[in-house]
Amino acid sequence: KQVSHHPEKYLKAPIRVTGRLENEGKNYFTDLRVVLKDREGNALQVQPWLPLSLPPSPKPGPGQKPPTLSQFLGKEVELVAVLERTTVKNLGEVYVLNVQSARIIQQ
């Protein structure tokens, strides 16, 4: 809540925030607008930090695949990020979280 109401205080500084990661766009691939929302509905734009999808592996088998953004959407997450001011298509100039690390805290 504090960051969304007074973003200028947190500009360019690493911060740790939690909330539900959601896509406010209409389509995951063509209209992706990732936001972090708290329980009160306050939201911050999030720059996608992971690939949206991965190509099929040439050798199927055991092994862990790298994470994709879809694995975090719809979940409660903790993000360590730097807040920056930038221009976003169809939104104009906004504050955006540039994620340095993320973890799911609740499914």
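Q: Which residue in β4 stands opposite V17?
A: L79 of β4 stands opposite V17. Elements such as β4 are DSSP runs numbered from the N terminus, with helices as H or I of at least four residues and strands as E of at least two. This is a predicted model, in which local features need pLDDT of at least 70 and side-chain atom pairs count only at pLDDT 80 or more, while totals for chains, interfaces and linings use all residues. Residues are numbered from 1 along each chain as its sequence is written, and side-chain values use heavy atoms, with hydrogens and water left out.

Q: What makes β1 and β4 paired strands?
A: Two strands pair if DSSP finds at least two bridges between them. Strand β1 (residues 14-23) and strand β4 (residues 76-88) are joined by 7 bridges and run antiparallel, so they satisfy that criterion. T18 also stands opposite a residue of β4, namely E78.

Q: How do you know that β1 pairs with β2?
A: There are 4 bridges between β1 and strand β2 (residues 34-37), in the antiparallel sense. Within β2, K37 stands opposite R20.

Q: What joins β4 and β5?
A: These strands pair in the antiparallel sense over 13 bridges, and E84 stands opposite V96 in β5. Their hairpin has 3 residues between the strands, and N90 takes a positive phi near 70 degrees there.

Q: In what order do the strands close into a barrel?
A: The order is β1-β2-β3-β5-β4, and the pairing of these 5 strands is mixed. Neighbouring strands of this sheet are turned by 60 degrees against each other on average, direction ignored; axes here are lines fitted to C-alpha atoms, for helices over the stretch in contact, and angles run from 0 to 180 degrees between N-to-C directions. Along the chain, the elements run α-β-β-β-β-β from the N terminus, giving 1 helix and 5 strands.

Q: Why is Q100 called exposed?
A: A residue counts as exposed over 50% relative accessible area, as buried under 20%, and as partly exposed in between (1.4 Å probe, protein chains only). Q100 has 53% relative accessibility and therefore counts as exposed. The residue lies in strand β5 (residues 92-106).

Q: Which residues is Q100 in contact with, leaving aside its neighbours within four places in sequence?
A: They are P14, V80, A81 and V82, where contact means heavy atoms within 4.5 Å. Q100 and P48 are 52 residues apart in sequence and 11 Å apart in space, C-alpha to C-alpha.

Q: Why does K12 count as exposed?
A: K12 reaches 60% relative accessibility and is therefore classed as exposed. Its place is in the loop between α1 (2-5) and β1.

Q: What makes the phi of K12 notable?
A: The phi of K12 is near 70 degrees, a positive value in a residue other than glycine. Most residues other than glycine have a negative phi.

Q: How many positive and negative side chains does the protein chain have?
A: The chain has 15 positive and 10 negative side chains, and the centres of the two sets lie 6 Å apart. Lys and Arg count as positive and Asp and Glu as negative, with His and the chain ends not counted; each charge is placed at NZ of Lys, CZ of Arg, CG of Asp or CD of Glu.

Q: What percentage of the protein chain counts as buried?
A: Of its 107 residues, 31% count as buried.
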